[in-house]
Amino acid sequence: MAVGTRKRVVVVGLGMVGISFIEKLLKLDARAREYNITVVGEEKHVAYNRVGLTTFFEHRKVEKLYLNPLDWYESILDGALSYHTNTKVTKIDRSRKTISCADGAEIEYDILVLATGSDAVLPQFIPNYDATGVFVYRTVDDLEKLIDWSASQKGSVGAVVGGGLLGLEAAKALLDLECYSNVKVLERNGWVLSRQLDADAGGMVVEQVRSLGVDVMLKKSVASIEVDEERRVTGVKLVDGESFACSTLCFAIGVKPRDELGREAGLRCADRTGGIIVDNQLRTSDPDIYAIGECASWEGQTFGLIAPGVEMADVLSFNLTQAKHHQPRLYKQPDLSTKLKLLGVEVASFGDYFADIHGPKFLPAKVKRASRANGANGTNKTDDVSSTPVKALTYKDPFQNVYKKYIFTMDGKYLLGGMMIGDTRDYVKLVPIVKNQKELEIPPAELILGAKKEGGDDGDDLDDDTQICSCHNVTKGDVVKVVKDGSCKSIGDVKTCTKAGTGCGGCLPLVTSIFNKTMRDMGNEVKNHLCPHFNYSRADLYNIIMVKRLRTLPEVMREAGTDPDSLGCEVCKPCLASIFASLWNKHVMDKPHHGLQDTNDRYLGNIQRNGTYSVVPRMAGGEITPDKLLAIAQVAKDYNLYTKITGGQRIDMFGAKKQDLLHIWKRLVDAGMESGHAYAKSLRTVKSCVGTTWCRFGVGDSVGMAVRLEERYKSIRAPHKIKGGVSGCVRECAEAQNKDFGLIATDKGFNILVAGNGGAKPKHCELLAKDVPPTEVIPILDRYLMFYIRTADKLQRTARWLESLPGGINYLRSVILDDSLGICASLEAQMQELVDSYFDEWAEAINNPSIAAKFTQFANTTETLETMDTEQDRLQTRPVMWPKESVTDDFASLRSRWSETTWQPVLEASYFRGADSLPNGISATIKRGDTQLAVWRFKGRYYGTQQMCPHKRAFVLSDSLVGEDPPTQQQQQQQQEGEKEEKPAPWISCPHHKRNFSLTSGACKSDADLSIATFDVEERPDGMVYMKLPPVEELDAALGTKKWMVKKGEAGPGQFAEVDKKIGFVGQRAKKVGVKPVGGLNGNVGMRKGVELMAVSNGNGGGCGGAPEW
């Protein structure tokens, strides 16, 4: 349609419902182009995910909540969409068909859509309802105010009024802020979530919420808010006379429709409940004005959930574009089913979930006819709530915190609704049964008792019209369609196309399963590629490299990469380094391999917060001689190293400077010690108890076996770190059952357990073999570990690897014990080759001049700089705490802001000799005045940047991995056609937290708020490398070490300041000789006060019978 004849659709409100309507109208109008849309939003942000507001506390970046990025709004061409934010609409002139804005603007409309949403209710009848410290929980602005206020309320009490969905979200927010010593929830009913759950289910949620440390106060209402002379909240007085102190009060007691624009314009509005009255086509009393979402009143109802609003957007956008071709859609009673995770508790309600309490709101037609017939005979009166014609089937498991109540018709043939706590996996299967009013073909009990089964989570048994995302009304068929028509080739594509998973996120696992199943059904491989540089998984690459005997990154790129000339990225380089080490076991600091190493392998030590390194000598099986202990103690003392005993039975020394590492390790090597490989994805330790060496209960020599295993597998690289344990009897003192491999001695040998781990997702081992003779233990472990190294995915622990194997532990037994694949001999031989190739990496580094030369702070001077303040803590020195905020200064623009720049020689070009043939080039740290700079030569070009990463102000960037993007399809085509296309600039990946910065622009690829300064660098005929730099004084003023090094006190009070204050902690409690203990009688502890208080609190005189039930 021509531009001048297009209708002007103006949308007031840029929330979740408003943007849903806009997206749908744009999509449905894409061909006809009948409409131009203008949207006016009152908030300063574009549409964001209000359902996921609580996640804002994790990242504090509203952009991560945006439903569409800012550039999406700009990408809508041909005038189809214009938007205004931070603009309040003040008036509707229906006669002139215009809206007026607070900034004086006036916008004409042909069709006006009101999507103004609702406001949080604030009870103005309560005294001091508007005091400082009173909040509501509705918008990002509300959250930002709450965050700012809470920062100054450390150790006080925070309270939430309202135990509904929003109230529990607000309680979680207060917990996540970690500012409050106690968080309370006040609920006027006898249980929480009273609009979704009955008393039993709500009571179970109360117990779980309380177990998280939230004080849930039931049947409580606020009478007044107590304030100080500055009207700041100091406490709350309740209706029952009880009171408590608090500094923060958040009301979450409901919402009220924002209908004021409609009322003032003369539109019909609901008097009692509020809201702009609409008909079944969402039309108001003015035929050119529509209302959708929470501001609309349909049949006397307003809806505070997102799903009904999205359904309104569906109906209205369809009718505006399709009604001339199709019968108009009518808005019908929406599905108010909800499935959420609140404070870690899975909660769902669906259908008519209170039918057993209030009587059914609807009945299937067949049941309704039978009910009328019975009513005519006088045997049943459907209006009599006391004789509710339904039956409820309830399942309650207090041990697993699972509650299910499903409500059926009296004959059990129709499911009407229900609620779930704990286990909500059947939610998506039950909702369509209720909506479609299908007669059940199974007994009602099977819906509960038969709900759990292995597999079945891929959605294969769901109909295509099953709603899987209630936030955006997405069905299984919607997901299947966009995958089958080729629109979506990844989960990210599916989220963009359908919006599934972009609301609360609860449906994402099911969406992923449906996507994977559809891809497999189409014959497509669900890709597990290592990174964009390879169309192979880590296991595929391992086999390619092994079979073709590839030994360098360029060789692998030519044979298997998507771009034969690429030198990879921070994802694939460390993975390939690990594979090379697992196969060929060359020194990781040799020139061809050093540039591939991840942060810790790069200098054979774990890098710490202040850029120093840890030193961890090996202590096989936890054994160490007194002489070696003395050597460690002397080194730690001489270099002022912080020392700590680890859970792996060895000693960590922290705070070693890079330039001191060689000297430290030379002394340790001379004392008979070697690298403990604490820095590597390899065997760390084999923990042991003392076993038969000393223990009177020992059955086997656990120390002897642990030493042999650690000596055998030390230094062997794997997809992830490996830990072992050996216990001398079933008492299991070595905790062998949560290790990657564990042995427990028995009378007949050892039980071998595998694939356990601690960490973020702990898992116990599974039994691989029982009563294995000691001589057979090592061959079995050889096969197991080598099979893991060959087949595991990138950074995959043995626990997750075993879970991914087809058949799990039974399959592993068949491969390792029964040789079902015929590879056991190969696995053992390969492991033996690796064992035979062992060398101590630190001893080699000390004796290799080219490696030793890398252990300096600066390449252009022997001077050194401190990069972070230190402080004393428990008689040892440690770095001060990082400040919470990153540095968001615009360092990238320094290039254009220097007063002047001149070319300055900084380093001999010979330093970079051979850089162009290395996978990461060669980098150097340069000292200029008080400023630290980083220089690279990579693929024939020099680059220069600041040394400090602004994320945590760590001076480490010269040790970054360099990455580059593979060419796009268009670039590949241009290369094939002989056209020269400028490749994107390479980036560096900070070794601390993998923030990626462009080497040319300085922009951060992973955090738009961060940037670094960049400098021009060139090599000249005089054999020197020059940098284009400003005067030293100006350079130091902008980037100087003293300016940016983290200083004591910047992080605020110590992490345990409140704890220490509460418990009176003053350090170690040992008394001096001759000083008697405090509080005892004649030196004895009386235990009188505790007993007295126990008696008082129990009210029954104490004693055994009065012990509290913990």
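This is a short tour of a predicted model, going from the whole chain to two sheets, a hairpin and some aromatic rings.

**Start with everything shown**

Keep the whole chain on screen first. It has 34 helices and 49 strands, and its C-alpha trace spans about 100 × 85 × 75 Å along the principal axes. Is that in line with a globule? For 1110 residues, a compact globule would have a radius of gyration near 32 Å, and the chain comes out at 34 Å, so the two agree.

Now colour by accessibility if you like. Of the 1110 residues, 51% count as buried. The accessible surface adds up to about 52400 Å², with 50% of it belonging to carbon and sulfur atoms. If you draw a contact map, look away from the diagonal: among contacts with a separation of 6 or more, 64% are between residues 24 or more positions apart.

**Select 683–688 through 766–772**

Here you'll find an open sheet of five strands, ordered 31-32-33-34-35, with mixed pairing. Strand 31 (683–688) and strand 35 (766–772) are the edge strands, and each pairs on one side only. On average, neighbouring strands in this sheet are turned by 15 degrees against each other, direction ignored.

Zoom in on strand 34 (residues 749–754) and strand 35: they run antiparallel and four bridges join them. To find one by eye, pick Ile752, whose bridge partner in strand 35 is Ala769.

Next, add helix 22 (residues 702–713). Packed on the sheet, helix 22 touches strand 31, strand 32 (722–727), strand 33 (741–746) and strand 34, and its direction makes about 175 degrees with that of strand 31. Then add helix 25 (residues 808–816), which also packs on the sheet, touching strand 34 and strand 35, at about 40 degrees to the direction of strand 35.

**Move on to 922–928 and 1014–1015**

These are strands 39 and 47 of an open four-stranded sheet, order 39-40-41-47, paired antiparallel. Strand 39 and strand 47 each have a single partner strand, so one side of each has no neighbour in the sheet. Strand 41 (residues 941–946) and strand 47 run antiparallel and are joined by two bridges; click Thr945 and you'll see its bridge partner, Thr1014. Bring up helix 31 (residues 1032–1039) too: packed on this sheet, helix 31 touches strand 39, strand 40 (931–938), strand 41 and strand 47, with about 95 degrees between its direction and that of strand 40.

**Select 1017–1019 and 1024–1029**

Strand 48 and strand 49 make a hairpin with four residues between them, and Gly1023 in the turn has a positive phi of about 85 degrees. Three bridges hold this antiparallel pairing, with Val1017 opposite Met1027. Strand 49 also pairs antiparallel with strand 38 (residues 902–908), over six bridges; there, Trp903 stands opposite Lys1028.

**Finish with the rings**

Show Phe, Tyr and Trp as sticks: the structure holds 19 aromatic pairs. Phe135 and Trp149 have ring centres 6.4 Å apart and planes at 50 degrees, so this pair is tilted. Phe135 sits in strand 9 (residues 134–136) and Trp149 in helix 4 (residues 140–150), and both are buried.

Now jump to Tyr603 and Phe855, an edge-to-face pair at 5.6 Å centre to centre with 70 degrees between the planes. They lie 252 residues apart, each in a loop. Buried or exposed, Tyr603? Buried, at a relative accessible area of 7%; Phe855 is buried too, at 4%. Add Tyr613, Trp665 and Trp842, and with Tyr603 and Phe855 you have one aromatic cluster on screen.

How values were computed
Residues are numbered from 1 along each chain as its sequence is written. This is a predicted model: local features need pLDDT of at least 70, side-chain atom pairs count only at pLDDT 80 or more; totals for chains, interfaces and linings use all residues. Side-chain values use heavy atoms; hydrogens and water are left out. Two strands pair if DSSP finds at least two bridges between them. Contact means heavy atoms within 4.5 Å. Axes are lines fitted to C-alpha atoms, for helices over the stretch in contact, and angles run from 0 to 180 degrees between N-to-C directions. The radius of gyration is taken over C-alpha atoms; the globule rule is 2.2 Å times the number of residues to the power 0.38. Buried means under 20% relative accessible area, exposed over 50%, partly exposed in between (1.4 Å probe, protein chains only). Accessible areas come from the Shrake-Rupley method with a 1.4 Å probe; for residues, only the protein chains shown count as cover. Rings of Phe, Tyr and Trp (its six-membered ring) pair if their centres lie within 6.5 Å; planes under 30 degrees apart count as stacked, over 60 as edge-to-face and the rest as tilted.
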